[in-house]
Amino acid sequence: MTLGDRSPVSRRSFLKGAGGVAAAGSALGAAQALSASQQVERLSGTTEIQLDINGEKFKVRVEPRTSLLNALRNHCEPPLTGTKIVCDRGSCGACTVFVNKQPVYSCMLLAVDCTEKKITTVEGLAVGGKLTHVQEEFVAHDALMCGFCTPGFVMSVTACLEKNPKATREEIQSACSGNLCRCGTYPRIFEAALAAGKKLQGGR
Ligand code: FES
Ligand code: FES
């Protein structure tokens with residue numbers, strides 16, 4: 001048996017270890033050359049982005065996989081929790097927001113893909129605390145029970161009536177075909193939408 005055989009550190013493993021230390025040293029040097037925020041990005045796998053929501057700029061730190069819905073509710077300060085999370089997989093409409101004025105499911109969009117876009121959430125509809133006609137009529141018609149679907153319906157109805165305040169019940173129903181209400185408040189929702197359309201036509 002040679003001295004090399006008895007040694008817990010062989011020549012080969014020593015050389016490997018020395019290489020690893022050198023590599024770690026150079027990685028540490030590279031990390032030190034990074035700014036604090038770059039180091040956070042490297043270590044956490046997150047990136048800081050800016051979102052334009054309801055006319056305000058929000059800086060949020062998100063992972064590449066973070067949905068717009070998650071960014072709104074959990075990464076904005078203050079949190080924008082008006083947009084509801086229900087299915088989180090594009091089948092219920094509770095998370096509907098406007099992106100560049102188009103109603104979309106925010107659970108199906110990546111936050112990092114929305115940096116150049118204008119986002120409107122249900123919080124952004126009322127101006128100066130004054131509810132919109134759609135919101136007022138939802139209240140007046142008691143068009144909700146648990147309320148989880150309500151912001152999504154308000155957004156879809158708003159988008160529909162902005163295009164056409166004279167939308168018929170069938171057209172409103174079609175515009176809301178991507179929104180589900182498990183409590184079954186559909187009749188009241190559509191009555192509220194028709195009443196809001198009338199108000200909009202009257203310019204009130
Ligand atoms: S939570 Fe997005 S569609 Fe249901
Ligand atoms: S009011 Fe409960 S899901 Fe619509």
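**Exercise 1. Find the loop that holds Pro78 and work out which peptide bond there is cis.**

Step 1: Place the residue. In this predicted model, Pro78 sits in the loop between α4 and β3.

Step 2: Look at the bond on its N-terminal side. Glu77 and Pro78 are joined by a cis peptide bond, with omega at about 5 degrees.

Step 3: Put that in context. Most peptide bonds are trans.

**Exercise 2. Locate Asn54 and Asn100, then give the sign of phi and the exposure class of each.**

Step 1: Start with Asn54. Its place is the loop between β1 and β2, and that hairpin has 2 residues between the strands.

Step 2: Check the backbone. Asn54 isn't a glycine, yet its phi is positive, at about 55 degrees.

Step 3: Count neighbours. Asn54 has 16 C-beta neighbours inside 10 Å, so it counts as partly exposed.

Step 4: Move on to Asn100. This residue is in the loop between β3 and β4, and its phi is positive too, near 50 degrees.

Step 5: Count again. Asn100 has 11 C-beta neighbours inside 10 Å, so it counts as exposed.

Step 6: As background, most residues other than glycine have a negative phi.

**Exercise 3. Work out the strand order of the sheet and say which strands stand at the edges.**

Step 1: Take the hairpin as a way in. Strands β1 (residues 47–53) and β2 (residues 56–62) pair in the antiparallel sense over 7 bridges.

Step 2: Find the register. Ile49 stands opposite Val60 in β2, and Glu48 stands opposite Arg61 in β2.

Step 3: Extend to the whole sheet. There are 5 strands in an open sheet, ordered β2-β1-β5-β3-β4, with mixed pairing.

Step 4: Read off the edges. β2 and β4 (102–105) each have a single partner strand, so one side of each has no neighbour in the sheet.

Step 5: Add the geometry. From one strand to the next, the twist averages 45 degrees.

Step 6: See what packs on the sheet. Helix α4 (residues 68–75) touches β1 and β2, and its direction makes about 100 degrees with that of β2.

**Exercise 4. Describe the largest nonpolar core and the part α6 plays in it.**

Step 1: Get the size. The largest nonpolar core has 42 residues, and Val157 and Ala193 have the most contacts inside it. Helix α6 (residues 150–163) gives the most to this core, with 6 residues.

Step 2: Zoom in on Val157. Skipping neighbours within four places in sequence, Val157 is in contact with Val134, Ile172, Cys176, Ala193 and Ala196.

Step 3: Check how covered α6 is. Of its 14 residues, 11 are buried; among them are Phe153, Val154, Met155, Val157 and Leu161.

Step 4: Ask what covers them. The buried residues of α6 pack against β3, β4, α5 (133–140), α7 (169–175) and α8 (186–201).

Step 5: Get the orientation. α6 lies across β3 (96–99) and β4, running at about 40 degrees to β3.

Step 6: Test the helix length. From first C-alpha to last, α6 reaches 20 Å, close to the 20 Å expected at 1.5 Å a residue.

**Exercise 5. Decide whether Thr115 is buried or exposed, and name its contacts distant in sequence.**

Step 1: Place Thr115. Its home is the loop between β4 and β5 (118–120).

Step 2: Count neighbours. With 11 other C-beta atoms within 10 Å, Thr115 is exposed, because the cut-off is 12 or fewer.

Step 3: List the contacts. Beyond four places in sequence, Thr115 is in contact with Ile49, Gln50 and Leu51.

Step 4: Compare sequence and space. Thr115 and Asp52 are 63 residues apart in sequence, but 7.1 Å apart in space, C-alpha to C-alpha.

**Exercise 6. Summarise the chain and flag where confidence drops.**

Step 1: Count elements. The protein chain has 8 helices and 5 strands, running α-α-α-β-β-α-β-β-β-α-α-α-α from the N terminus.

Step 2: Gauge burial. Of 204 residues, 32% count as buried.

Step 3: Look at contact range. Among contacts between residues at least 6 apart in sequence, 54% join residues at least 24 apart.

Step 4: Check confidence. Mean pLDDT is 89, and 83% of the residues reach 70 or more.

Step 5: Flag the weak stretch. Over residues 1–6, pLDDT stays under 50, and the model has 3 contacts for them beyond four places in sequence.

Conventions. Residues numbered from 1 in each chain as written. Chains lettered and ligands numbered in written order. Predicted model: local features only at pLDDT ≥ 70, side-chain atom pairs only at ≥ 80, totals over all residues. Pairing = 2+ DSSP bridges. Helix = DSSP H or I, 4+ residues; strand = E, 2+ residues; numbered from the N terminus. Core = buried A, V, L, I, M, F, W, Y, C linked by C-beta atoms within 7 Å. Buried ≥ 20, exposed ≤ 12 C-beta atoms within 10 Å, placed from the backbone. Contact = placed C-beta atoms within 7 Å. Axes fitted to C-alpha atoms, helices over the stretch in contact; angles between N-to-C directions. Expected span 1.5 Å × (residues − 1). pLDDT = per-residue confidence, 0-100.
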